[in-house]
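Visitor: I have a model open at the bench and some labels to check. Please take me through the reasoning behind each one.

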Amino acid sequence: MAIVAMAFPRRHAHASPSSFANHSPASHHHPPPASFYPRALPLAISMVLLVCLLLPLQNRIVSVETLVAANAKDHGQALKFVAQNWELYTLEEAVTAVAKNGTVIVCVVSYPYLAFLVNWLVSVARQGRQDSVLVIAEDYKLLRHVNKHWPGHAVLVPPVLPASEAQRFGSEGFFNFTSRRPHHLLRILELGYSVLYNDVDMVWLADPLPYFQGEHEVYFMDDMTAIKPSNHSHALPAPGRKGRTYICSCLLFMRSSPGAKLLLRKWIEELHNQSWTPRVKPNDQPAFNWALNKTFGEVKLFLLPQESFPSGGLYFKNKTWEHQTSHKHVLIHNNYITGFDKKIKRFTDSGLWLLNNDTSKESFSNLQLVANFLKMQASESAG
């Protein structure tokens, strides 16, 4: 529980109650002259105002330093006391709190995607990497929900987009929502941290971190469905018929290096040049690919092995290939399909909707964000 310390006069260890009382102003000083009071009143008012200004800051420091470390402790009262201050939690504070060995695992989510966030988090927890996860919330509802049950693991970077606009793939809101991603990632790299970004409609089947060894600056996966040979090149593929590559922006590992920062700045520039219109309904991925192509040769890139990081169009639609390569799968992306219900059904049919798995419920019930969601899910089912 967070405790706000107030400053009181310090009594010496050898002082008795009586000796402490003997040092009161009434014992040794004459009453101040009448002219003292008009001069003292403005000073007293100033001191009161200063205290009022400093107390909120003090509470905020308590919330950041104490609650981040309180994951497994009884912090209910502390959360009620400082809940409003999560809105003041900065990206720098959040990254510093959760990063492990200079790396933070990041997702960008709004509240309607809570179920996918929790399902993804269970898969991350199976690999023991959940403590490095930072949820960049795109609305206050998710920010408060995550930090209520998992203090310090969510942060919001203003401004906030209307939640209703950020859900439908192809909408202007979805474009605005995803277009914020390179800005978040660039800020993290500029803080000196490496970042592993994931969409939350993914599931970890193994730990991906060992695949990011070496001196490359940016690691990514292909979004194509054509089968590659096991020993395929790890260089950036050749552009397709639209003049650009088809790399998925759903998974990115980036080091805090000049090349990775250059790529992110170019991605942001391409997004500015690619406005959403009712006729042209882009998402952020084409701009990312143009950035890759236009910075080619200036950034050390690495294409991850397809057998370990397949697109959803290959994994879910080619069962023969899926069976032959099953022992090599690391991350599965539920793309090439739209709609919450369709994605959940596909995950469920493939055994990847882990929230239906009794083992997951037992193993991660101590992760309060997961436990709370399972409780909500059970309550809805019962109702």
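Guide: Start with Tyr336. Its relative accessibility is 38%. Buried needs under 20% and exposed needs over 50%, with partly exposed in between. Tyr336 therefore counts as partly exposed. Bear in mind that this is a predicted model.

Visitor: What makes the phi of Tyr336 worth a remark?

Guide: Its sign. Phi is positive, about 65 degrees, although Tyr336 is not a glycine. Most residues other than glycine have a negative phi. Tyr336 sits in the loop between β9 (331–333) and α14 (340–349).

Visitor: Which other residue has a positive phi although it is not a glycine?

Guide: Asn101 is one, with a phi of about 55 degrees. This residue lies in the loop between α5 and β1.

Visitor: Why is Asn101 called exposed?

Guide: Its relative accessible area is 82%. The cut-off for exposed is over 50%, so the label follows. Asn101 also helps line the second largest pocket. Lys100, Asn101, Thr103, Arg129 and Leu209 lie nearest the centre of that pocket.

Visitor: What is the make-up of the lining of that second largest pocket?

Guide: There are 13 lining residues. By class, four are nonpolar, five polar and four charged. The pocket volume is about 270 Å³.

Visitor: How do you know that the buried residues of α5 line one face of the helix?

Guide: First, list them. In α5 (residues 91–98), Leu91, Ala94, Val95 and Val98 are buried. Seen down the helix axis, they fall within an arc of 95 degrees, so they line one face. The general rule is that an α-helix has 3.6 residues a turn, so residues three or four places apart point the same way.

Visitor: What covers the buried residues of α5?

Guide: The cover includes β1 (103–109), β2 (133–137), β3 (154–156) and α9 (181–190).

Visitor: What makes α6 "mostly covered"?

Guide: The count. Twelve of its 13 residues are buried. The run from Leu114 to Ala125 includes Phe116, Trp120 and Val124, and these are among the buried ones. Polar side chains appear too, with Asn119 and Ser123 in the buried set.

Visitor: How does the span of α6 (residues 114–126) fit what is expected of a helix?

Guide: α6 reaches 18 Å from its first C-alpha to its last. That is close to the 18 Å expected at 1.5 Å a residue. Gly128 follows α6, with a positive phi near 75 degrees.

Visitor: How does the span of α10 compare with the expected one?

Guide: Helix α10 (residues 258–272) has 15 residues and reaches 21 Å, close to the expected 21 Å. Its buried residues include Gly259, Ala260, Leu263 and Trp267. Lys266 and Glu270 are buried as well.

Visitor: Which residue from elsewhere in the chain touches Gly259, Ala260 and Leu263?

Guide: Val299 does. It also touches Glu217, Val218 and Leu262. Val299 and Leu263 are 36 residues apart in sequence, yet 7.3 Å apart in space, C-alpha to C-alpha.

Visitor: Val299 is in the loop between α11 and β8 (301–303). Why is Val299 called buried or exposed?

Guide: Buried. The relative accessible area of Val299 is 9%. Buried means under 20%, so Val299 qualifies.

Visitor: How do you know whether Asn289 is buried or exposed?

Guide: Asn289, in helix α11 (residues 284–294), has 1% relative accessibility. That is under 20%, so Asn289 counts as buried. Its contacts include Arg244, Thr245, Tyr246 and Ile247. Pro239 is 50 residues from Asn289 in sequence, and their C-alpha atoms are 9.2 Å apart.

Visitor: Why is the peptide bond between Pro158 and Pro159 called cis?

Guide: Its omega is about 0 degrees. Most peptide bonds are trans.

Visitor: What makes Pro159 exposed?

Guide: Its relative accessibility is 57%, and exposed means over 50%, so the label holds. Pro159 lies in the loop between β3 and α8 (172–179). Its C-alpha is 8.7 Å from that of Glu138, 21 residues away along the chain.

Visitor: How many helices and strands does the chain have?

Guide: There are 16 helices and nine strands. Of the 383 residues, 48% are buried.

Note on methods: Residues are numbered from 1 along each chain as its sequence is written. This is a predicted model: local features need pLDDT of at least 70, side-chain atom pairs count only at pLDDT 80 or more; totals for chains, interfaces and linings use all residues. Side-chain values use heavy atoms; hydrogens and water are left out. Buried means under 20% relative accessible area, exposed over 50%, partly exposed in between (1.4 Å probe, protein chains only). Helices (H or I, at least four residues) and strands (E, at least two) are DSSP runs, numbered from the N terminus. The arc is that of the directions from the helix axis to the C-beta atoms. Contact means heavy atoms within 4.5 Å. On a 1 Å grid over the protein atoms alone, a cavity is a set of points where a 1.4 Å probe fits but cannot get out, and a pocket is an open set with protein on both sides within 12 Å along at least five of seven lines; lining residues have an atom within 4 Å of a point. Grid points are joined across faces, edges and corners, and a volume is the space filled by probe spheres set on the points. The expected span of a helix is 1.5 Å times one less than its number of residues.
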